[in-house]
Amino acid sequence: MTPDYELLILGALLFSVGLATVIIKRNMIFVLMGIELLLNASVLNLVAFNRIHNDAPTGQVFGLFVIVIAVCEAAVGLAIVIQVYRFYQSSVPDQINDLKE
Amino acid sequence: MYANTIPPEMLINGILAALLLPLFSAIVCLIVREKYSWLVAFLSPLFLMVSAASSVYVCVEMWGAPPASFSFAWFLIGDQEMQISLLLNNTSALMMLVVTVVSFLVHVYSIGYMADDAAQRRYFCMLGLFTFSMLGIVATGNLLLLFMFWELVGFSSYMLIGHWYEKPEAADAARRAFIFNRVGDAGFVVGLMAVWSGYGTFNFIDIDPSAGGGWQVLAGIGIFCGVIGKSAQFPLFGWLPKAMEGPTPVSALIHAATMVAAGVYLLARVYWVFAPPVLTLIAIIGSITAIAGALAAMGQFDMKRILAYSTMSQLGLMVMAVGMGAPSAAMLHLVTHAFFKAGLFLAAGSVIHTLHQAQHHSHNSFDVQDIRNLGGLRKRLPLTFIAFVICGSALAGLPFFSGFLSKEAILEATLTWAGNTASWRWLLAGSAIVVAFITPLYTFRLIWKIFMNDERLTQKLNVVEAPVVMRFPLLILSVASLWPVVSFNPFDFNGWILHDLGGSSQHLFPWLSMASAAWIALAVALAYVRRSAGIHAPLFYEAFYFDKLIHRTVEVPTRMLALTTRHLDTKWIDGAIHTSAYAYTIVAHVVGWFDRFVIDGLVDGFAWSARTIGYSIRRFQRDGVQLYVFWALFAIIIFIIWTLL
């Protein structure tokens, strides 16, 4: 097994941890953190595949884009969380259920 | 048969005034307010006075002139035109005069008699309507119209007899009069149908008796049925004595001019319609009534009932005269009878009224109408006494009074009819002679018991003569009971009236007037001899128990029948209806249950299942974003495993 596959396994692990965080954590900030982990896992994957198919730096460029988008996402997401917290005095998504029923 | 000529306009106005003023008076009485009810007692007699004056004018103008008739279209049935028509000849002009004059006098009298009555307006209103309806009967030339007025007379007499309807006897008497008249009128309606079938017209002028064929007999019997009811003839006389419960002026009106006279008048009016067998029936019924009435009058103690039965007896005589082919003699007796009987009733009313007033002041109560309680009133009520004697003499048929002449005319008709050979017809003639004998008996007894002898229960009462409005009509009616009303020769009934009514012009029995005068003198002598004898004759008192017989045989079974049908109606017919109603309710409940639980259940079931499925599916996206993500992930994992396998 080449070290590249280990990278892929690490990416999968990171993705699983992120996904578990997104699903399990009650607080929205932790969910956002889980999403960051997911994005980072995908970036790792992109870089790893770039190493395996070593012809052009496409994967690395994609990784850069994803990082930029992740930054934007974090900024927007945190802003939303803060606004939601101001309005509801809570950052737990399960408690924000005004639209239910 | 009547000829058809149009009278001059002035005469038409007079006729219409005489006819419509009583109706106008009735309407005025309806309109006048409670506050001004004193106006009624003033206005009604005034209208009637004008009406009486116009009918005097009409009678004078019409007398001896050819019959006048005028008519205008009323309505169409198919191509048959009904007409409102007036037909005036000597008979009806004379009758109109009698009706309006008597009615006017009764109106005047009522001012005094009904002065304290609370329902004066209703009384005068009905009096006006009564007079108007009778005038309608007299003047109309159409049998259908006549029938309508006939019914109006029945209705207004019902209202007047039951004027004091708080008294159960009065209400009962009014109902009885109405129902007895209805029974007779049922026959009248059959007669009307027969007339229409036989002749195709209701106009007197157009009826041709020879065209009727077999209908003629039926028509005659039918019309006579109406007469039996209205004129209190033999089977249907029970209402007349009972009708004495009404106010006495009303009794005077009923007995003299408006009610019972209508029957005899109708017989004379359509005399030519009656076929010979019907005429015989009429004569027989009349003679039975005359005898029964006279005998029943002998047994009464109530002064008004004596007069009532005497009216019945006199009406029987008139009807008999018509049946014997002498309608003009019947009309003559009707006219004279109208005056002296009205006089008698008003005099009796005056006695009752004054005694009631006296009783009222002394708080002493006894039945003032019972002649056993009375006596010796001639000094207290001299004018009433004189009027009573004059009118009573006319009733009894003493010479120099109108009744003598008219009764003689009837007797002559009877003897002519009976013929020279002995036959059953002599029975009827004999009954007329017997009635002529009995009449003075009860009249004498009545006058003697009230006015002669010593005073009994009235001794302590302060009796004063009635007011002048009550004395004035008595005076007029007394004068009208004297012989010149009929003829200027007190022993010759062939005077101006009978001649122009179309009666016989020669004396067939020259000895008759002397014989009848002697006969009546004999009766008066007998009455004087037996004056103190008390009469105890329950058979006569109860009018031969005929009323009770009718009660047993007709009224009780009718009542039973009514009760049975009511029972059937409530128990069975209503029961069936109720049962079906219950059945419907039960079926409706079952259907309702089915609807609610099966049909609605089906629909609800669909809704419920859709909702349940919806709920179960919605659960995946309901409990928060994270679970949603989890399920999405779960589904993806399943798909991946699916594709890998």
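Tutor: A helix is a DSSP run of H or I with at least four residues, and helices are numbered from the N terminus. In this predicted model, B:Pro276 belongs to helix α11 of chain B, which covers residues 276-298.

Student: Why is B:Pro276 called exposed?

Tutor: Within 10 Å of B:Pro276 there are 11 other C-beta atoms. A residue with 12 or fewer is exposed, and therefore B:Pro276, with 11, is classed as exposed. As for its surroundings, B:Pro276 and B:Gly323 stand 47 residues apart in sequence, while their C-alpha atoms are 8.7 Å apart in space.

Student: What makes A:Ile52 count as exposed?

Tutor: A:Ile52 is a residue of helix α2 (residues 28-52) of chain A. The count of C-beta neighbours inside 10 Å is 12 for A:Ile52. Exposed residues are those with 12 or fewer, so A:Ile52 falls in the exposed class. The C-alpha atoms of A:Ile52 and A:Tyr5 are separated by 8.7 Å, and these residues are 47 apart along the chain.

Student: How do you know whether B:Trp511 is buried or exposed?

Tutor: B:Trp511 has 9 C-beta neighbours inside 10 Å. A buried residue needs 20 or more and an exposed one has 12 or fewer; therefore B:Trp511 counts as exposed. This residue sits in the loop between α18 (496-501) and α19 (512-529) of chain B. From B:Trp511 to B:Phe47, 464 residues apart along the chain, the C-alpha separation is 46 Å.

Student: Why is B:Gly601 called partly exposed?

Tutor: The neighbourhood of B:Gly601 holds 13 other C-beta atoms within 10 Å. The partly exposed class lies between 12 or fewer, which is exposed, and 20 or more, which is buried. The value of 13 lies in between, and so B:Gly601 is partly exposed. B:Gly601 is part of helix α21 (residues 546-618) of chain B, and α21(B) bends by about 45 degrees at this glycine. The C-alpha atoms of B:Gly601 and B:Pro467, 134 residues apart along the chain, are 91 Å apart.

Student: What makes α21(B) hardly covered?

Tutor: Among the 73 residues of α21(B), the count of buried residues is 0. To be buried, a residue must have 20 or more other C-beta atoms within 10 Å.

Student: Why are α14(B) and α16(B) called roughly antiparallel?

Tutor: Helix α14 (residues 382-396) of chain B packs against helix α16 (residues 425-451) of chain B at an angle of about 170 degrees, and their axes are 9 Å apart. That makes α14(B) roughly antiparallel to α16(B), because angles over 145 degrees count as roughly antiparallel. On the α14(B) side, the residues that meet α16(B) include B:Phe385, B:Phe388 and B:Leu395; on the α16(B) side, B:Phe444, B:Ile447 and B:Phe451 are among them. The residues of this contact divide into 10 nonpolar, 3 polar and no charged.

Student: What makes the phi of B:Phe400 worth a remark?

Tutor: The phi of B:Phe400 is positive, about 75 degrees, although this residue is not a glycine. Most residues other than glycine have a negative phi. B:Phe400 is placed in the loop between α14 and α15 (402-418) of chain B. With 15 other C-beta atoms within 10 Å, B:Phe400 is partly exposed, because 15 lies between the limits of 12 and 20.

Student: Which sign does phi have at A:Gln89, and why is this residue called exposed?

Tutor: Phi of A:Gln89 is positive, near 55 degrees, and this residue is not a glycine. A:Gln89 is found in the segment after α3 (58-88) of chain A. It has 8 other C-beta atoms within 10 Å, and since exposure requires 12 or fewer, A:Gln89 is exposed.

Student: How many residues of each chain are in contact with the other?

Tutor: In chain B 6 residues are in contact with 5 residues of chain A. The residues on the chain B side divide into 4 nonpolar, 2 polar and no charged.

Student: What confidence does the predictor assign to this model and to its chains?

Tutor: The model scores ipTM 0.80 and pTM 0.74. Chain B has a mean pLDDT of 83, with 92% of its residues at 70 or more. For chain A the mean is 86, and 95% of its residues reach 70 or more.

How values were computed. Residues are numbered from 1 along each chain as its sequence is written. Chains are lettered from A and ligands numbered from 1 in the order in which they are written. This is a predicted model: local features need pLDDT of at least 70, side-chain atom pairs count only at pLDDT 80 or more; totals for chains, interfaces and linings use all residues. Axes are lines fitted to C-alpha atoms, for helices over the stretch in contact, and angles run from 0 to 180 degrees between N-to-C directions. Helices (H or I, at least four residues) and strands (E, at least two) are DSSP runs, numbered from the N terminus. Angles under 35 degrees count as roughly parallel, over 145 as roughly antiparallel, 65 to 115 as roughly perpendicular and the rest as oblique. Two residues are in contact if their C-beta atoms, placed from the backbone, lie within 7 Å. Ala, Val, Leu, Ile, Met, Phe, Trp, Tyr, Cys and Pro count as nonpolar, Asp, Glu, Lys and Arg as charged, and the others, Gly among them, as polar. The bend at a residue is the angle between axes fitted to the seven residues ending there and the seven starting there. pLDDT is the predictor's confidence in each residue, from 0 to 100.
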